[in-house]
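Visitor: I'm new to this structure and would like a close look at one part of it. Could you pick one strand and walk me through its surroundings?

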Amino acid sequence: MPRTRSLAWSELKIGILGVLALVLASMLILAVGGQGGFPWQRYELKTKFDDVRGLKSGAVVRVAGVEVGKVTDVRFAGAGVEILMEVSEDMKPLITDQSRAAIGSLSLLGEPVIDITPASAGTPLPEGGFITPGRAEGQITEVAASATEGLNQVTLLLQDIRGGKGSVGKLFTDDQLYREINEFVGSAANVAGHLRQGRGTLGKLAMDPAAYDQLNRSLTNLESITRRINAGEGALGRLLRDEQMAKSLASISSNMDTLTGRLNRGEGTAGKLLTNSELYDRFSRIAASLEEVSSRLTAGQGTAGQLLHDKQLYDNMNSAAGELRGLIAEIRRDPKKYLNVKVSIF
């Protein structure tokens, strides 16, 4: 009997060691092959998408491209699909309410995975927290859709070109435009040839050293004049740099403004002439009268008119004036002959 009990205890020890070995092996397999470590080192998160693109349980969960967990369940939740996942506890500080979850892929054509964007700001999500879904960039379907749209636009563009629409289409289909462009290119070639041969002003400027030297001297003179003006030399320089002259010009401008204002208000003779209609009418009547007198003089009417036009009257008046001058001369020479005064007293 003692031997029987000894054998039973030995077998029991072997069984216990075997169980412990299986448990250790399972834990080792979970630690090495499982995502996120042991079950007590992971916590559950969830998110929701309208289309999971073939995502299955066991898919990889990544944070900033690093594998940190796995998908545990994919199930319908209303019109969308809810995804449950287990993530390593070490990721709690990086997975917050500012993080976003998106469906990515292991490679260009690989199986789908969950990509979570890390966020240092915000509140860390608790057990069972919901990650706001986002949109992953560079998905193969989006690339294909963009490529298809680009090809459609290129096709439409080619159709428009063949149809003669737009500038490029007209360039390919309009013979008149082609001839005009061809003529323009030919004219440009002729101009370039003339320039190379030194013809015309530009050609001489490009080929003739004398013309270049003359232009260079002109530019030098212009630079000298500009430098003198900037230095305040000469009339223009003083006009730009002399403060007293600037004040004088400002004073003149102010006086002109004052004068213009007085004229507009009808002050003074000139102002009244510009604004007083009665004074203007009087000047107009005077001008009309002067015009009438001038017309009468031109027509030889009146004494002054006849004096201007009647030669005989002019000669008579000239002769009378000559005789009067001679009489005055005789009186000056012999006043007693003409001035004889007799005084008698009774």
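Guide: Let's start with one pairing: Arg-62 has Asp-115 as its bridge partner in strand 6. Before going on, a word on the source: this is a predicted model, where local features need pLDDT of at least 70, side-chain atom pairs count only at pLDDT 80 or more, and totals for chains, interfaces and linings use all residues. Residues are numbered from 1 along each chain as its sequence is written, and side-chain values use heavy atoms, with hydrogens and water left out.

Our strand is strand 2, residues 60–63. Strands here are DSSP runs of E with at least two residues, helices are runs of H or I with at least four residues, and both are numbered from the N terminus. Strand 2 runs parallel to strand 6 (residues 112–116), and three bridges join them. Two strands count as paired if DSSP finds at least two bridges between them.

Arg-62 and Asp-115 also meet through their side chains, in a salt bridge of 2.8 Å, N to O. That term asks for a side-chain nitrogen of Lys or Arg within 4 Å of a carboxyl oxygen of Asp or Glu. The pair links distant parts of the chain, with Asp-115 in strand 6 and Arg-62 in strand 2, 53 residues apart. Both Asp-115 and Arg-62 are buried. Buried means under 20% relative accessible area, exposed means over 50%, and partly exposed is in between (1.4 Å probe, protein chains only).

What about the rest of the strand? In a regular strand the side chains alternate between the two faces of the sheet. In strand 2 both faces are covered: Val-60 and Arg-62 are buried on one side, Val-61 and Val-63 on the other.

Now for the other neighbour. Strand 3 (residues 66–77) runs antiparallel to strand 2, and four bridges join the two. Arg-62 turns up again here, with Glu-67 as its bridge partner in strand 3. Val-61 has Gly-69 as its partner in strand 3. Strands 2 and 3 form a hairpin with two residues between the strands, and Ala-64 takes a positive phi near 55° there.

Stepping back, these strands belong to an open sheet of eight strands in the order 7-1-4-3-2-6-5-8, with mixed pairing. Its edge strands, strand 7 (129–130) and strand 8 (132–133), each pair on one side only.

The salt bridge we began with has company, since a search of the whole structure finds six salt bridges. One of them joins the side chains of Arg-75 and Glu-82 at 3.1 Å, N to O. Arg-75 counts as partly exposed because its relative accessible area is 38%, while Glu-82 counts as buried because its value is 16%. These two are linked with Asp-73 in a network of salt bridges. Another joins Lys-92 and Glu-89 by their side chains at 3.5 Å, N to O. Lys-92 is partly exposed, with a relative accessible area of 27%, and Glu-89, at 29%, is partly exposed too.

So, back to Arg-62: this buried residue has one bridge partner in strand 6, Asp-115, and another in strand 3, Glu-67. Asp-115 is also its salt-bridge partner.
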